[in-house]
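Thanks for coming, everyone. I would like to walk you through one structure today, so please have the sequence and the model open as I speak.

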Amino acid sequence: MFICSQISTADFKGIVGDKEISLHDAFQEYFKIYQVDESLGVLQSQYVMSMYDKIKDTPRFKDVLLRHQRILYDKENEEQFSAITIVLPDGSVCISFRGTDDTIIGWKEDCNLSVYETVPAQEDALNYLVDESRFDQTSRIRICGHSKGGNLAIYSGVCASKEVRERIEEIYSFDGPGFQPSFFEKEGYKEIEDRIISVWSQNSLVGVLLESAGRVEIVHSRVFGPLAHDGFNWTLVGTKFDREKELSEFSVSFRNLCNQYIENATQEEKIALFNELFDDLLSSGYSTLTELTKMGVSETIKFLMSLNGSKEVRDFIRQIIKGIGKETSKKIGVFNPNENQWVL
């Protein structure tokens, strides 16, 4: 399922539409546009393009078909969304939702998950699932996604009609953020809870946010920090992820820091903070995280701390950076509150 969750990352514009196409042929066309060593942005694994190139020629995927990729990006509504349907050899379908892309707007929508009951991408995920269930009214359904895509996978399955929920075999969220407490009171959640699997890196910075859904499985990660979110940095035993019993202290500290803020701040305070933070980032001329991080880690931190935001915004940024933990703080410096700057 993890590989399926990564297929929705590829932009098959002009390749995957209403007509089914084999995975092999889709990626053959894809690599006429993109290079195997090309980067898809700072948030996408450096290994994903190589994976695409390998799976298109493997016997395991030779009978896999793709259809109905849907991509939406709406700056005004603060939405980034992408989904694709994967027809598996056993006749079932897997609906894969893409996680947060490289855009700053995509990251603001992630933050909005802690503010609003529903964000636009969740509504589009539900609509996509409904459309696919009507297009194919008999096949069993699997749903998956990585990062925000995992949240969308769970949301769509829980909020679908009872008839659709009965066709769902399983839902996989790979290090996807959780939900606000009210979500777990939905009838659909209680009915499908035992078919939801939330897979977290032991050093997770994303999956641990908000309340988790379904059964949580923790897997071993070779790295700390943002790279621990990359499933290609999780270790395998044979063909399965290497399981861990609990989160690292690193991940627990980060979860407590972020969730404490989310729980204690009012909705108005969170809206004001996120609006100010992301408006400052966008007004600075940056639209993607790749652009932002080309400056390097220390320069990026200096830039973030130089934003003309309120004390609340600056304190929030400082606490998040400090919350990364000892492993990362050794590399990015120490914040000196007396001089209001980073000492590198």
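Let me start with L210, which sits in the loop between strand 7, residues 196-201, and strand 8, residues 215-219. What this model, which I should say is a predicted one, gives for L210 is a phi near 60°, a positive value in a residue other than glycine. Most residues other than glycine have a negative phi. L210 has a relative accessibility of 16%, and because buried means under 20%, L210 counts as buried.

The other residue I would like you to find is D175, in the loop that runs between strand 6, residues 168-174, and helix 8, residues 187-192. D175 is not a glycine, and yet its phi is positive, at about 55°. Is D175 buried or exposed? Its relative accessibility is 0%, so D175 counts as buried.

Now to the cavities, of which there are 2 when we count those of 30 Å³ or more. The largest cavity has a volume of about 50 Å³, and if you would like to locate it on your screens, its lining includes I154, S173, G176, P177, G178 and F179, together with S198, W200, G207, E211, S212 and A213. Sorted by class, that lining holds 5 nonpolar residues, 6 polar ones and 1 charged one.

The second largest cavity has a volume of about 30 Å³, and what lines it is R67, T85, V93, I95, E132, S133, D136, I141 and R167. Which elements give two or more residues to this lining? They are strand 4, residues 93-97, and helix 5, residues 120-135. By class, the lining of the second largest cavity divides into 3 nonpolar, 2 polar and 4 charged residues.

Finally, please turn to a pair of helices, namely helix 9, residues 249-264, and helix 10, residues 267-283, whose axes come within 8 Å and cross at roughly 120°. Why do we call helix 9 oblique to helix 10? The crossing angle is roughly 120°, and because angles from 65 to 115 degrees count as roughly perpendicular and those over 145 as roughly antiparallel, this one falls among the rest, which are oblique. On the side of helix 9, the contact is made by Y261, I262 and N264, while helix 10 brings E269, K270 and L273 to it. Taken by class, the residues in this contact are 3 nonpolar, 1 polar and 2 charged.

How values were computed. Residues are numbered from 1 along each chain as its sequence is written. This is a predicted model: local features need pLDDT of at least 70, side-chain atom pairs count only at pLDDT 80 or more; totals for chains, interfaces and linings use all residues. Side-chain values use heavy atoms; hydrogens and water are left out. On a 1 Å grid over the protein atoms alone, a cavity is a set of points where a 1.4 Å probe fits but cannot get out, and a pocket is an open set with protein on both sides within 12 Å along at least five of seven lines; lining residues have an atom within 4 Å of a point. Grid points are joined across faces, edges and corners, and a volume is the space filled by probe spheres set on the points. Ala, Val, Leu, Ile, Met, Phe, Trp, Tyr, Cys and Pro count as nonpolar, Asp, Glu, Lys and Arg as charged, and the others, Gly among them, as polar. Helices (H or I, at least four residues) and strands (E, at least two) are DSSP runs, numbered from the N terminus. Axes are lines fitted to C-alpha atoms, for helices over the stretch in contact, and angles run from 0 to 180 degrees between N-to-C directions. Angles under 35 degrees count as roughly parallel, over 145 as roughly antiparallel, 65 to 115 as roughly perpendicular and the rest as oblique. Contact means heavy atoms within 4.5 Å. Buried means under 20% relative accessible area, exposed over 50%, partly exposed in between (1.4 Å probe, protein chains only).
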